[in-house]
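Welcome to a short tour of one protein chain and its ligand. Have the sequence and the model open side by side as you read.

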Amino acid sequence: MRPEIKRAQHTIPVGASSPLRACRNVGTDPLVVAEAHGQYLHDVDGTRYIDFMYGFGPLILGHAPEAVSTAIARQAANGTLFGTYCTQEIELAERITATADHLEQLRFVCSGTEAVMSTLRLARAYTGRTRVLRFNGGYHGHFDLVQNKDETRMRDSGLDPAAMRSNVFAEYNDAASVERAFAESPGEIAAVVVEPIACNMSLVMPEEGFLADLRRICDREGAVLIFDEVITGFRLTYGPASNLLGVSPDLTAFGKIIGGGTPVGAFGGRRDIMRLLDEERVLQGGTLSGNPLTMAAGLATLDALAQPGFYEELERKGALLEAAVERHRAAKGLDFTFTRTGSIFAFIFVPQAAPVRVKADVAAQAQSPYTTMYAGLRTAGYHLAPDIEEPMYVSAETTDETLEDFAARAVALLATDPN
Ligand code: PLP
């Protein structure tokens, strides 16, 4: 074990400020990174790794893109926090809300967790109800109201049992389970919160009609439909993924990409719901929210994303990776599932013929192929997701050569795994 890891673990629980970084689920020591540029991470020994994690998703432009770094430096020289209105904040809010009609107003926070938390509070205030329906396998941050339904863990987890009881669970891609949940809690559910594309149980796409069913059920039941686009916002298109999926939520939570790699979240949606904040009926605020440093990084990032052909090029790279994985898989006669949309991808170790619709489908996969692939690719100089159910990302800096090499090595390693 590297001395820095021991040192980190002495002072910081598990050695890191967010638990997955400890790499416990892949049985490998975490990298200790000194700097990062383009598609590369450089560790403290100067060893270079090609990144497919990109900070769990925000870094769609790769590491330290010049325009973003320059914008941050320029802003830092001119003040990092004003504690009053600033034009950068207004500008970024205008740019984000301009991407979808349903984003009538928006507020910034400092994390995706805060963004979702704020949408749920608003939904409760708007409806006068308390319960929240969410989906097994979704992740919406670390606050009590959106934790998992595992009750044994709950007893000693520090979570508030009352908040946990407010949770109502349904299955992703299963509108009938949503109908049942509403029938069992009539008039109690304030909101349905969903990742429109599920990115925390590997990568699972919504089936045709599922999101439209959620829209229809929420309208009928008077519940607020919330899309958690913390990962998908600006990842697949210039704006929320709802623009591609054809269903409009009432509220949307953003994070990650819109802050250009600095701490960020945002939530927005229907003016008649968002205005509850204006009246100070619903408390929501933050010392560092909408700070000019993050706003500058976000604006510079959106400038790059708005360039013609940006998302087409990312799609080309994603498709290249998918084709390469398929080609090598066929050559080796392996049977596993590779899911991809745009620049998000995941390996799921279930047969291609097996359904991948709900959390249980993903949870059924064997762990060892991923561990084998992770360890082998680390040795070969790649940095992958530290958990089998985290998706990975292609960035604007990922080269075609990297994608070809990664696919060949990944499949060759999988061929050596007994599972
Ligand atoms: N929502 C989704 C879909 C996420 O993937 C995450 C984090 O990965 C969050 C919310 C929480 O965001 P943050 O880690 O910025 O608090």
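Helices here are DSSP runs of H or I with at least four residues, numbered from the N terminus. With that in hand, we can begin at the ligand; keep in mind that the model is predicted.

## Around the ligand

Helix 4, spanning residues 112-127, gives the most to the shell around the ligand, with 3 residues. The shell holds 16 residues, and those that come nearest are Ser111, Gly112, Thr113, Gly141 and Val230. Sorted by class, the shell has 8 polar, 6 nonpolar and 2 charged residues.

## Two domains and their contact

The chain is divided into domain 1 (3-64 + 308-415) and domain 2 (66-306). Their centres, taken over C-alpha atoms, are separated by 25 Å. Domain 1 brings 24 residues to the contact and domain 2 brings 29 residues. On the side of domain 1 that touches domain 2, the elements giving two or more residues are helix 12 (310-332), strand 11 (337-341), strand 12 (344-348) and helix 13 (359-363). Strand 12 supplies the largest share of that side, 4 residues. The residues on this side of domain 1 divide into 15 nonpolar, 6 polar and 3 charged.

## The nonpolar core

In soluble globular proteins, nonpolar side chains tend to be buried together. Here, the largest nonpolar core has 114 residues, and Ala123, Ala191, Val192, Val224, Ile226 and Ala266 have the most contacts inside it. Helix 11 (residues 292-305) provides the largest share of this core, 8 residues. Both domain 1 and domain 2 are represented in this core, with at least three residues from each.

Which residues does Val224 touch, leaving aside its neighbours within four places in sequence? Val224 is in contact with Ala123, Tyr126, Thr127, Ala190, Ala191, Cys218, Asp250, Leu251 and Ile273.

One of those partners, Tyr126, lies in helix 4, the helix that gives the most to the ligand shell. With sequence neighbours within four places again left aside, Tyr126 is in contact with Val224, Ile273 and Leu276. Tyr126 counts as buried because 23 C-beta neighbours lie inside 10 Å. By contrast with these contacts, the C-alpha atoms of Tyr126 and Ala297 are separated by 33 Å, the two residues being 171 residues apart along the chain.

## A four-stranded sheet

An open sheet of 4 strands follows the order 1-2-3-13, with mixed pairing. Strand 1 (33-37) and strand 13 (382-383) stand at the edges with a single partner strand each, so one side of each has no neighbour in the sheet. Strand 3 (residues 48-51) and strand 13 run parallel and are joined by 2 bridges. In this sheet, Ile50 stands opposite Tyr382 of strand 13.

## Two phenylalanines with positive phi

Phe56 has a positive phi although it is not a glycine, and Phe234 likewise has a positive phi without being a glycine. The table sets out where each sits.

| Residue | Phi | Loop | C-beta neighbours within 10 Å |
|---|---|---|---|
| Phe56 | about 65 degrees | between strand 3 and helix 2 (66-77) | 20 C-beta atoms |
| Phe234 | about 65 degrees | between strand 8 (224-228) and helix 9 (242-245) | 25 C-beta atoms |

Are these residues buried or exposed? Phe56 is buried, since it has 20 other C-beta atoms within 10 Å and the cut-off for buried is 20 or more. Phe234, with 25 C-beta neighbours inside 10 Å, counts as buried too.

Technical notes. Residues numbered from 1 in each chain as written. Predicted model: local features only at pLDDT ≥ 70, side-chain atom pairs only at ≥ 80, totals over all residues. Near = placed C-beta within 6 Å. Nonpolar A, V, L, I, M, F, W, Y, C, P; charged D, E, K, R; others polar. Core = buried A, V, L, I, M, F, W, Y, C linked by C-beta atoms within 7 Å. Buried ≥ 20, exposed ≤ 12 C-beta atoms within 10 Å, placed from the backbone. Domains from an automatic or database assignment. Contact = placed C-beta atoms within 7 Å. Pairing = 2+ DSSP bridges.
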